[in-house]
Structures are given as structure tokens and as C-alpha cells.
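Work through the exercises below with the sequence and the model side by side. Each task is followed by a solution that proceeds step by step.

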Amino acid sequence: MQLETISSISTPVGEGAIAIVRLSGETALEVADKLYKGQKPLSERDSHTINYGHIIDPVTGETVEEVMIAVMRAPKTYTREDIVEINCHGGIHTVNRVLQLTLKNGARMAEPGEFTKRAFLNGRIDLSQAEGVMDFIRSKTNEASKVANQQMQGRLKDYVENLRQSILNILAQVEVSIDYPEYDDVEEATTSFLLEEAEKVRKDIQYLLKSSAEGRILREGLSTVIVGKPNVGKSSLLNYLIQDNKAIVTEVAGTTRDVLEEYVNVNGIPLKLVDTAGIRDTDDIVEKIGVERSRKALSGAELILYVLNNNEALSDEDIELLDSIQDKNVIAIVNKLDLESNLDIEALTSRYDMPVVRTSIINSSGVDELENKIAELFFEGNVTSTDSTYLSNNRHISLLEQAASSIEEAVQSAEMEVPIDIVQIDLVKTWELLGEVIGEDVSEQLIDQLFSQFCLGK
Ligand SMILES: Nc1nc2c(ncn2[C@@H]2O[C@H](COP(=O)(O)OP(=O)(O)OP(=O)(O)O)[C@@H](O)[C@H]2O)c(=O)[nH]1
Ligand SMILES: [Mg+2]
């Protein structure tokens, strides 16, 4: 592929000790030589050397900068093309002049992400690695940068390529039985091979998705909301979990008026814990706003801790709320177990399919069990290291979710003895979806859109 030589400032705009103008392309050395004066022209220098000299404006003869220039010849470079990096003194003005001179002498201004895009187009990296570069630059935590770094190194690519290879093996077998429809035993063998192998692929994709969800929770915290009617002990629960008296607790119903957010670690799981105003109809304007906010907090929650008072019967309001959230991750907490029981726990457990924990927060009892339930719900009880996390990018997660459901469909069809050429369609689709993760068969438009999110000069 023949591509124009591109140029841009690759360091942040602003004053610094050094600023770098980077060129990439077939004529990178040629362009730089028009501006460079040193002992020898750059085109006569060895690859991977750094060379002292000056940048001279070829029109006026004026010395613009004193520079060190790195020469890196294809193919062992970031883009797989010839690369020249001009290290300037870090002023905004001069580095800009150097850039302008490269543009006047044969280079074109690079688009955001274009260097990395070339690395992709020239086959040095796949799309998941390119996206890893961007995620790496953008990562805000240590854990996030670890995942991005692994992705940059091609860990996801290897995993996905293995999955695709397995699907190809299945497809090859399927092809045989389509070619020889007269042999029943071939078809039988194909179905059992298909079921076994496709199930393995399905499990691997599920594992990938699950470990990513866990990784994300470990990086960002599980957003958890404590809700329930006024006075049931929500703020008491928050205080207990964070081992502090951050939230005001009183016997007055409607104490909490606003949402309060705290981070806690529960059995190794970081929770972003939100205490809310007790949900009820109220004429108090401040409380009303608080109740609105509680409802809003509910919609974005990954875990809901629904607190009930053992001393009171289940109200219509409780039922209405529990009905509306029953498809989410909810743990029902029957608190104030020390008081007389007026709540029909049996009715609660038979109506809702959610874990129920009994507590008496005032006596510090039952909260251990709650903590174990949370760990069970999200990490099957044991939180391992994040080493197994491969995914953090939403595009990849979405593709893998689709791949999981199409392979699932293939498995189900095969089980129901659907004709093999129909099962084949789902297998091919899974193979294609996985291909999109690493950038095979993706549209030019998508590629342009992805790389445009990069910073200039990368
Ligand atoms: N008997 C008993 N009282 C409790 C228990 N847990 C909390 N309480 C009391 O119940 C009252 C209300 O507790 P809060 O934690 O303020 O309840 P809340 O759900 O946050 O209430 P609002 O903010 O008004 O919605 C306080 O007087 C607590 O001391 C418990 O397990 N047993
Ligand atoms: Mg409260």
C-alpha cells in the first residue's frame, strides 16, 4: 500500500523541555533532509540512530531550530514505515514552525490517530491492539492501564484468534457432512463434534465476558444503592458497612433527604455505596426531591439493597417497588430482627426470587451474611486477581455478547437436530463477529471513526 508521508507534533501542545515533530511514510527522510543540516544527510544515516543538527528554512536560509533527529527505517517502526522524529526545544512557536516546514516540503498533516492507524493498515497490529493503545493513553487507574497494556500486547487478539480457529475446525467438519449427505454416520459424527466444540467456544466467550465484568467492578467499584421505606435502617446499614457515622441516623422517618455516596470494600469487592432518602409519598418539598433522586439512583444501580422493617407488614408501596426492580440484582434485607415480627418473610421469599438476609443492625447481627451474599452474587464467593481480565472496551464487549448468543443459537439448533446448513449460518456469524473484534471485515467508516478518537500525533 502506498501512503503519503504524514507529519504532526506528537507531544502535548504547550511549553516543555522537548517537543517532537514526527514524520512517517516513504518520503519521510527525503522531506526531513530538505530542512536538515548536519554532518551527513539523514538518508545516509543508519536506522535507529539519533543525529544532531539544525533545521534551516530552505527558502530564507534562516536557522529555525537546533535539533536531535531520530531516524527509524521501515519495517521495524511504530507504523512499519520510515519514521523521522525531530526533537526540538519545547517552545510552542518554534515547534510549530518546524511542523509547517515539513508540510511545505512534501508531508501532509496527520489526522488524529493516523500513525496508529497505519500500524493497523500495515498489519503490525490488529484493531484490538490499536484500541488498546488508546485505552492505555486514556487509562486513569493502575488496573485500567494493566488491562490496556495486555491488550496492546495482543492478548485479546490471541484469545480471539484461538476461538476463531476452533470455529473454523467445526465449519470444516460441517462442510464434509454437507458434501456427503448420503452418509448418516458422517452427519452424526458432525453433530456430536459440533456440540462438543461449539460448547467449548461458548464457554470461553462467557468466561471472557464474565472476567471482564469482574475486572470492571474491581477497577471502578460496584454501584450499589440502599433503598427502602423511611426509617427502616438504611443509613444505619451504610454507617455499619463503612464503619463510620457518616450518615445521620434518627428515629424520625424521612431523616435522609439527599443521596450520600461512600466507597467500601466488602470481602474484597469495592462498592460505590449510595444511601438514599426513604421512598414514600410526601408533601415535604425537600423530601420529595430526595425521593425523586432515590428513584433515579435505582435505575443506574448494579446492585440494590432493599431494606425492610421486620416490625412492619409488607406495604403496597414495598410490593410496587420490589415488583419494579425484581429483574435487577436485588438483595432483600429484613432489618430490625430484634423487634417483634410483623413481616411475612415466607410470603416475601415465595413472591420474589431474590436472596433474603435477616439483620439487626443495631445489634451488629446478620451483616456478615449480607457481605457473603454480595460476594456470591458477583464473584461466586471468591474474588481472584484481575489477571484474567481481557476486556474493557465497550465495542469488544458488545461484539462478544453477540458472539455468545449466536454460538448459543448454533448449539441449541444442533441439539434440536435442525438441518446442519442452518446451524452453519450461526457458526459463520459467530466467526465474523469475533473477526470484528480484531478488525477483520470491519468497514472503513468504523475504522475512521475509531481512529479519529485518538489524539493528534499518535
Ligand atoms: N430496633 C432496631 N432499630 C434499628 C435497627 N437498625 C436501625 N434502627 C433504628 O431505626 C431508626 C432509623 O434508622 P435510619 O438508619 O435512620 O433509617 P433510614 O432508613 O435511613 O431512615 P430515613 O433516612 O428516614 O429514610 C434509628 O433510630 C435507628 O437507630 C435495628 O436493627 N433494630
Ligand atoms: Mg436515612
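**Exercise 1.** In which loop does Pro 75 lie?

*Solution.* The model is a predicted one, and the steps here are to be read with that in mind. Begin by locating the residue between its flanking strands: Pro 75 lies in the loop between S5 and strand S6, the latter spanning residues 83–89. Then inspect the peptide bond that precedes the proline, where Ala 74 and Pro 75 are joined in the cis form, with omega at about 5°.

**Exercise 2.** Determine which residues coordinate the magnesium ion, and decide whether each of them is buried or exposed.

*Solution.* Start at the metal: the magnesium ion, ligand 2, is coordinated by Ser 235 through OG and by Thr 256 through OG1, at 2.0 to 2.1 Å. Next, place the two residues in the chain, where they turn out to link distant parts, since Ser 235 belongs to helix H8 (residues 234–242) while Thr 256 sits in the loop between H8 and strand S9 (260–266), 21 residues apart. Finally, compare the accessibilities with the cut-off, by which a residue under 20% relative accessible area is buried. Ser 235 has a relative accessible area of 8% and is therefore buried, and Thr 256, with 15%, is therefore buried as well.

**Exercise 3.** Describe the surroundings of ligand 1, going from the shell of residues to individual atom pairs and then to the buried area.

*Solution.* Take the shell as a whole to begin with: 23 residues surround ligand 1, and the closest are Lys 234, Ser 236, Gly 254, Thr 255 and Thr 256. By character, the shell divides into 8 nonpolar, 11 polar and 4 charged residues, and by element its largest share, 3 residues, comes from H8.

Now turn to the oxygen atoms of the ligand. One oxygen atom of ligand 1 is 2.7 Å from a backbone N or O atom of Gly 254, and an oxygen atom of the ligand is 3.1 Å from an N or O atom in the side chain of Asn 335. With Asn 231, the partner is a polar backbone atom, which is 2.9 Å from an oxygen atom of ligand 1. As for the area, ligand 1 taken alone exposes 660 Å², of which the protein buries 91%.

The last step looks at the backbone of Asn 231, which has a positive phi of about 70° although this residue is not a glycine. Asn 231 is placed in the loop between strand S8 (222–228) and H8, and its relative accessible area of 31% makes it partly exposed.

**Exercise 4.** How many salt bridges does the structure hold, and where in the chain do the partners Arg 97 and Asp 57 lie?

*Solution.* The total is 22 salt bridges. In general, side chains of opposite charge can pair when their charged atoms come close. The side chains of Arg 97 and Asp 57 meet in such a bridge, at 3.6 Å from N to O. This pair links distant parts of the chain, with Arg 97 in helix H2 (residues 92–104) and Asp 57 in the loop between strand S4 (49–56) and strand S5 (63–72), 40 residues apart. The partners can then be set beside one another: Asp 57 is buried, at 10% relative accessible area, whereas Arg 97 is partly exposed, at 27%.

A further pair is formed by Asp 284 and Arg 257, whose closest N and O atoms are 3.2 Å apart. Here Asp 284 comes from the loop between strand S10 (269–275) and helix H9 (285–299), and Arg 257 from the loop between H8 and S9, 27 residues apart. Asp 284 is partly exposed, at 29%, and Arg 257 is partly exposed, at 31%. To finish, note the network of salt bridges that links Glu 4, Glu 81, Arg 108, Glu 114 and Arg 118.

**Exercise 5.** Which residue does the side chain of Arg 202 join in a polar contact of 2.9 Å?

*Solution.* Arg 202 lies in helix H7, and its relative accessible area of 17% places it among buried residues. The contact of 2.9 Å joins its side chain to that of Glu 199. Leu 194 also has its place in helix H7, which covers residues 184–220, and is buried at 1% relative accessibility.

Methods:
Residues numbered from 1 in each chain as written. Chains lettered and ligands numbered in written order. Predicted model: local features only at pLDDT ≥ 70, side-chain atom pairs only at ≥ 80, totals over all residues. Heavy atoms only, no water. Donors = N, O, S within 2.8 Å, 3.2 Å for Na, K, Ca; no water. Helix = DSSP H or I, 4+ residues; strand = E, 2+ residues; numbered from the N terminus. Buried < 20%, exposed > 50% of the residue type's maximum accessible area, 1.4 Å probe, protein only. Near = heavy atom within 4 Å. Polar contact = N/O pair within 3.5 Å; in protein donor to acceptor, adjacent residues only side chain to side chain. Areas by Shrake-Rupley, 256 points an atom, 1.4 Å probe, with all protein chains shown as cover. Nonpolar A, V, L, I, M, F, W, Y, C, P; charged D, E, K, R; others polar. Salt bridge = Lys/Arg side-chain N within 4 Å of Asp/Glu carboxyl O.
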